[in-house]
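Thanks, everyone. Please have the sequence and the structure open, and follow along as I go through a few spots.

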Amino acid sequence: MGVIDEVKQRTDIVEVVSQHTTLTKAGRTFKGLCPFHTEKHPSFFVYPEQQSWHCFGCNTGGDTFSFVMKKQNIDFGEALRLLAQRAGVTIPSRFEPQAEEKEKERLYQVNEAAAQYFHDLLLSSPAGKKARDYVASRGLSLETITNFQLGFSPNKWEALKQHLLEIGYAESVLLEAGLIVETEEGKKHDRFRNRLMFPIHDIRGHTIGFGARALDDSLPKYLNSPQTPTFDKSRSLYGINLAAQAIRQQELAVIVEGYTDVITAHQNGFDNVVASMGTAVTEKQVITLKRLTKNMVLSLDADAAGEEAMLRCVDYENILDAELKVIILPKDKDPDDVIKEDTKNWQHLLEEALPVEKTFDMAVAKLDLSTVRDKSLAVERLLPIVADFKDTIRRDHYLNKIARLTGVSYQRLESVLSGIKSGRRVREPRQEVAAPVVRPILAEPIEEYCLALLLQHPELKAQCPGLLPEYFADTQNREIFVAYMKVKDVKSIKKALDSALHEYIDSLMKKDLPDTQIEKRFVECSLRLQEKFLRSLEAKNAEALALAAESGGTAAEQAMLEELGTEISDQLKEVFAQKRQTGSGAKGVEK
Ligand SMILES: [Zn+2]
């Protein structure tokens with residue numbers, strides 16, 4: 001999850017606004033005197049469900065970010081940092097000025113040089129024969145070896161080090177990249193020796209680190225690069241650089257565990273496969289993949305299916321907002337084995353993938369629930385997982401499920417659960433700074449779509465006069481739109497915006513869009529945006545009017561709201577007329 005979304009999740013607009021004006025609850029909303037203009041009767045409203053605010057006196061509104069920006073008179077970046085601090089969210093240093101980027105670039109380069117060195121040795125050195133025999137025995141083709149840039153690290157202490165120093169890399173860079181290690185006596189030597197090398201890439205193809213398999217009895221059998229500024233094992237996915245396109249096209253990602261599982265899959269035409277690299281899939285990996293697709297299938301060992309880490313995957317559905325599926329491998333077999341035996345078997349497993357929810361059933365299936373001991377064992381194992389769920393609806397769903405599976409009543413489970421949670425809270429020292437709420441993020445797909453169109457088709461700027469910044473409910477979208485209208489060249493838009501927004505802009509620039517009827521699509525989507533804005537305003541206005549009538553608001557106040565209501569409905573009529581004109585009223589172009 002991006003840092004902006006994390007801040008949104010952990011921030012409650014009612015709390016933030018309450019620091020500046022006294023709010024009183026009125027129905028589903030909160031009401032107070034506007035902090036931006038002087039008034040005697042409250043016309044300032046806060047909507048917790050939408051995490052937004054609106055003042056009918058100054059006729060402005062927005063989300064938490066825009067409130068803080070306006071109130072403190074600061075820009076988006078400053079507001080983000082302020083709210084992040086308040087919510088206990090750390091802003092990654094990569095959002096701070098560029099030095100870090102340059103450092104990363106150096107690490108990519110030295111890793112790439114190392115990968116090339118290892119690769120050449122595997123292909124042609126006499127010392128690499130053992131490794132060549134090994135890959136041949138695994139049935140890997142030359143094409144596959146080249147595609148994955150497999151390599152061989154010789155059984156020497158300083159082979160790579162010498163090579164990289166010779167071609168001009170500094171020892172400090174080698175150390176930072178984790179390619180060499182420093183002994184207690186201060187000697188520095190190669191980390192990877194006598195191993196088959198698997199370079200690990202990020203989605204853009206940068207070489208970020210290595211996995212390495214021992215070619216003799218050395219332990220560990222698999223060794224990875226350490227954590228570096230470019231390599232975070234829990235975030236990286238092996239094969240993502242080669243799989244990304246297929247994942248997008250097929251709208252499905254398959255996650256396996258091992259390097260060779262990925263390689264064999266790709267060699268046999270299953271291009272949408274990536275590996276979590278020897279561990280259970282992590283939340284960060286799911287977030288990385290989510291940029292490509294929401295549909296994921298996890299491949300699980302028959303034995304691992306009940307393990308806690310696997311059970312935790314049920315919680316990833318919250319991140320995905322989609323169903324996660326699992327395939328259970330035949331006993332003692334890897335995807336590698338299954339695919340080699342018969343690709344049809346693998347295809348069949350994929351088609352029969354089960355909802356991840358079934359891992360609960362599988363965990364319980366091994367127990368004898370007629371005994372009290374196993375019953376409490378099941379509850380002990382499953383309940384802590386549910387305790388971590390951020391989404392209460394899903395928590396309820398799973399509580400019911402555990403109740404069904406174990407025969408323990410829902411009420412009993414719930415009370416055990418609150419015990420688990422209060423027990424945990426004591427250990428969390430961050431409570432006073434962190435807002436305890438974690439709310440679902442309200443995505444604005446139309447806003448994103450509209451911005452992606454604009455950014456990818458700068459010629460559309462000429463069509464924008466009708467589009468107003470306030471039509472974007474989300475401040476980050478609004479900021480981007482305002483900057484877009486200001487800059488001469490879209491390429492320089494990042495310079496005009498806080499670095500925390502850069503990643504998001506990149507994702508908009510890369511968003512898959514249809515490539516026909518761009519202008520028509522844009523007109524339609526800006527009309528939809530306007531309609532969304534007006535409808536939301538209409539609802540807010542109606543609510544304010546109802547409250548004014550109830551609580552005996554002044555006649556002037558009611559008259560103003562009524563007038564505004566008429567204005568909004570006139571504008572809506574205008575939007576509908578335009579929609580009919582463009583022929584988008586009934587169906588519209590497929591998004
Ligand atoms: Zn106001």
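Start at helix α11. Tyr259, Thr260, Asp261, Val262, Ile263, Thr264, Ala265 and His266 are buried there. The helix spans residues 259–267. It is mostly covered, with 8 of its 9 residues buried. Look just past the end of α11. Glycine 269 takes a positive phi there, about 90°. Keep in mind that this is a predicted model.

Now the whole chain. It has 591 residues, and 48% of them are buried. I count 25 helices and 16 strands. The C-alpha atoms fill a box of roughly 90 × 70 × 55 Å along the principal axes. What about contacts along the sequence? Take those with a separation of 6 or more: 65% of them join residues 24 or more positions apart.

Next, the zinc ion. Which protein atoms are its donors? They are Cys34 through SG, His37 through ND1, Cys55 through SG and Cys58 through SG. They lie 2.0 to 2.2 Å from the metal. The site is tetrahedral, with angles of 99 to 119° among the 4 donor atoms. In sequence, the donors follow the spacing C-x2-H-x17-C-x2-C. Take one pair, cysteine 34 and cysteine 58. This pair links distant parts of the chain, 24 residues apart. Cysteine 34 sits in the loop between β2 (29–32) and β3 (44–47). Cysteine 58 sits in the loop between β4 (52–55) and β5 (60–63).

Are these two buried or partly exposed? Cysteine 34 has a relative accessible area of 6%, so it counts as buried. Cysteine 58 has 29%, so it counts as partly exposed. The cut-off for buried is under 20%.

Last stop, arginine 478. Find it in helix α22, residues 475–486. Arginine 478 is buried, yet it has no salt bridge. Where is the nearest side chain of opposite charge? That is glutamate 470, 6.3 Å away. A salt bridge here needs a nitrogen and a carboxyl oxygen within 4 Å. What does lie by the arginine is a backbone oxygen. The one from proline 469 is 3.4 Å from a polar atom of the arginine 478 side chain.

And the surroundings? Leave aside neighbours within four places in sequence. Arginine 478 then contacts Pro469, Glu470, Phe472 and Ala473. It also contacts Gly61, Gly62 and Ser66. Of those, Gly61 and Gly62 carry numbers within the range of β5, residues 60–63.

That's my tour. Over to you for questions.

Conventions
Residues are numbered from 1 along each chain as its sequence is written. This is a predicted model: local features need pLDDT of at least 70, side-chain atom pairs count only at pLDDT 80 or more; totals for chains, interfaces and linings use all residues. Side-chain values use heavy atoms; hydrogens and water are left out. Donors are N, O and S atoms within 2.8 Å of the metal (3.2 Å for Na, K and Ca); water is not among the atoms, so sites may look incomplete. Four donors count as tetrahedral if all angles lie between 85 and 135 degrees; four count as square planar and six as octahedral if opposite donors are over 155 degrees apart and all others between 65 and 115; anything else is irregular. Helices (H or I, at least four residues) and strands (E, at least two) are DSSP runs, numbered from the N terminus. Buried means under 20% relative accessible area, exposed over 50%, partly exposed in between (1.4 Å probe, protein chains only). Lys and Arg count as positive and Asp and Glu as negative; His and the chain ends are not counted. A polar contact is a pair of N or O atoms within 3.5 Å; within protein, one must be able to donate a hydrogen and the other to accept it, and residues adjacent in sequence count only if both atoms are side-chain atoms. Contact means heavy atoms within 4.5 Å.
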